[in-house]
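Student: I'm new to reading protein structures. Could we go through one together, feature by feature?
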Amino acid sequence: MVWVKNREELLDNATSPLTRKAREAAINAVEAAINAVDPRRAVKSKVSLSGRTLRIGGLSFNLSSFKRIIVVGGGKASGSMAEAIEEILGSHIDGGAVVVPHGTKGNYKTRRVELHEAGHPVPDEDSVRGASKILELTEQAGEDDLVICLISGGGSSLMAMPKPGIPLADKQAMTNMLLKCGATINEINTVRKHLSMFKGGQLAKAAYPATLISLILSDVVGDPLEVIASGPTVPDPTTYRDAVAVLKNYDLWDEAPRSVRMVLRDGVSGKIRETPKPGEQAFKKVHNIIVGNNRVASLAAERELRRCGLNTLFLTSFMEGEAREVGIMLAALAREVKASGSPLSRPCGIVVGGETTVTVKGEGIGGRNQEIALSSALKIKGLDGVVIASFSTDGVDGPTDAAGAIVDGSTIDRSKDMGLNAVEYLTNNDSYSFFSRLGDLILTGPTGTNVNDVSVIVCL
């Protein structure tokens, strides 16, 4: 499937034939990465039905042993995942509820699984209603029922049920603070789990004693099950004390809403029960299975670059850190290739996957991938045939309508000709405005999948 809607504009922005060719290879890699983690394909690669035998990963289940099959879940990819499960199980499904982002319900056709829309990246009232419906269904499940849970990135905000005493407005305010402070997703979700009645294994607890199979499309570096969508079906190794430590580490404790601080204090003192931990009975009939991740997307991008005739290197799917610093690192790799032919000789392509963070200090608008691209553009200035593209596989980079951005050795000179100061835009966290003026945003629209970010370096 063709994803990059403004492909021709991105190609026409090249200032030399060599750079145009490099841009084309990078754009092809972007599309290959997104197509490789199509949620339908991911689910069907792990789930099949033969007669009445359901095979999921390495597990087999006889459908005759279940009275009912219920499908629940949430995330940016959960609508497509629900479609795939319905195609496989059809009339065997007795009902279900899956939560998808606002404005996407019409993209999917399900007959037995009800789709609910909710807010992302900040939860809203619809997030609470969706989580309540899922909990209602799972709590009704009995020992002879099968619950299939579809989890993908974005589930933390789409399925939200604040603990008693925490108004939704306070949960929203806390989420906004965490998203802007530079905390990792692991740290953010440590806090989220301890403010929730749903996350951190609490959905699994609600479903017990039913058999629970969770199909997970990972959007977290390293695929830690307890972090993806805040791990609703996974034992939680973190504690209230850990959540307090995160807020204090980022100087948010005193700024946090009073209700949040009260709940966390009560949790630390033992007045509120901890999230379910490893070894608890609630997880005896739970199976958590990864169906897709960043590595799959990154390797697909590498294969596409190789198909284009380039020497290739998949460097890592564990990219983390401050986005602008990662941009400097990617540019350093490109400069080394140009200068010495290391770590690859030209023509070549290098792929890096993961998820960075942005510590927001300015007043602009942007996303981590756009910030990576802007930072790297400053360091590859003047290098012909060098292109760096960075994008989010879900098609939504930060609070913008862009998946990311693409830069080359002429980006800074082009911006100067337009009266733009790249350093000022970077300082103000205003990468979106910068690339919007240049016409170098990568525009895909929501892709229906979500496995972190991919950055591509092409050196010809």
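Student: Let me start with two helices. What is the handedness of the crossing in which H3 passes H4?

Tutor: Keep in mind that this is a predicted model. Here H3 passes H4 in a right-handed crossing.

Student: And how do I describe the way two helices pack?

Tutor: Two packed helices are described by two things, the angle between their axes and the distance between the axes. In this case, helix H3 (residues 39-46) and helix H4 (residues 78-89) have axes 8 Å apart, at an angle of about 40 degrees. H3 and H4 are therefore oblique to each other.

Student: Which residues of H3 and H4 meet?

Tutor: From H3 you have Pro39, Arg40, Val43 and Lys44, and they meet Ser80, Met81, Glu83, Ala84, Ile85, Glu87 and Ile88 in H4. Sort the residues of that contact by type and you get six nonpolar, one polar and four charged.

Student: Let's try another pair. At what angle do H13 and H14 pack, and how far apart are their axes?

Tutor: Helix H13 (residues 323-340) and helix H14 (residues 368-379) pack at about 45 degrees, and their axes are 7 Å apart. That angle makes H13 oblique to H14. The crossing of H13 and H14 is right-handed.

Student: Which residues in H13 and H14 meet?

Tutor: On the H13 side they are Ala323, Arg324, Val326, Gly327, Ile328, Leu330, Ala331 and Arg335; on the H14 side, Arg368, Glu371, Ile372, Ser375, Ser376 and Lys379. By type, the contact of H13 with H14 divides into six nonpolar, three polar and five charged residues.

Student: Now for sheets. What holds strands together, in general?

Tutor: Strands of a sheet pair through backbone hydrogen bonds, and the pairing can be parallel or antiparallel. One open sheet here has six strands in the order S6-S5-S4-S7-S8-S9, with parallel pairing. Strand S6 (114-118) and strand S9 (286-292) stand at the edges with a single partner strand each, so one side of each has no neighbour in the sheet. From one strand to the next, the twist averages 20 degrees.

Student: How many bridges join S4 to S7?

Tutor: Seven bridges join strand S4 (residues 68-74) to strand S7 (residues 145-152), and the two run parallel. To see one bridge, look at Arg68: its partner in S7 is Asp145. There's a helix to spot here too: H3 packs on the sheet, touching strand S8 (211-217) and S9, and its direction makes about 130 degrees with that of S9.

Student: What joins S7 to S8?

Tutor: Seven bridges do, and S7 and S8 run parallel. Across that pairing, Leu150 stands opposite Leu215 in S8.

Student: How many residues of S7 are buried?

Tutor: Eight of the eight are buried, so S7 is largely enclosed by the rest of the structure. Look at which way they point: Asp145, Val147, Cys149 and Ile151 go one way from S7, while Leu146, Ile148, Leu150 and Ser152 go the other way, and all are buried.

Student: What about the other sheet? In what order do S10, S11, S12, S13, S14 and S15 come?

Tutor: Follow them as S10-S11-S15-S12-S13-S14: six strands in an open sheet, and this time the pairing is mixed. Strand S10 (311-319) and strand S14 (441-442) are the edge strands, and each pairs on one side only. S14 is joined to strand S13 (residues 404-408) by two bridges, and these strands run antiparallel. Ala405 has Leu441 in S14 as its bridge partner. H14, which you met earlier, packs on the sheet and touches S12, S13, S14 and strand S15 (453-459); its direction makes about 10 degrees with that of S13.

Student: Is Ser392 buried or exposed?

Tutor: Ser392 has 0% relative accessibility, so it counts as buried. You'll find Ser392 in strand S12 (residues 386-392). Leaving out residues up to four places away in sequence, Ser392 touches Arg368, Asn369, Asp397, Ala403, Asn452 and Asp453.

Student: One last residue. Is Thr190 buried or exposed?

Tutor: Thr190 counts as buried because its relative accessibility is 8%, and the cut-off for buried is under 20%. Thr190 sits in helix H8 (residues 185-193). Again leaving out residues up to four places away in sequence, Thr190 touches Thr238, Thr239, Asp242 and Ala243.

Methods. Residues are numbered from 1 along each chain as its sequence is written. This is a predicted model: local features need pLDDT of at least 70, side-chain atom pairs count only at pLDDT 80 or more; totals for chains, interfaces and linings use all residues. Side-chain values use heavy atoms; hydrogens and water are left out. Axes are lines fitted to C-alpha atoms, for helices over the stretch in contact, and angles run from 0 to 180 degrees between N-to-C directions. Helices (H or I, at least four residues) and strands (E, at least two) are DSSP runs, numbered from the N terminus. Angles under 35 degrees count as roughly parallel, over 145 as roughly antiparallel, 65 to 115 as roughly perpendicular and the rest as oblique. A crossing is left-handed if the near helix is turned anticlockwise from the far one by less than a right angle, and right-handed if clockwise. Contact means heavy atoms within 4.5 Å. Ala, Val, Leu, Ile, Met, Phe, Trp, Tyr, Cys and Pro count as nonpolar, Asp, Glu, Lys and Arg as charged, and the others, Gly among them, as polar. Buried means under 20% relative accessible area, exposed over 50%, partly exposed in between (1.4 Å probe, protein chains only). Two strands pair if DSSP finds at least two bridges between them.
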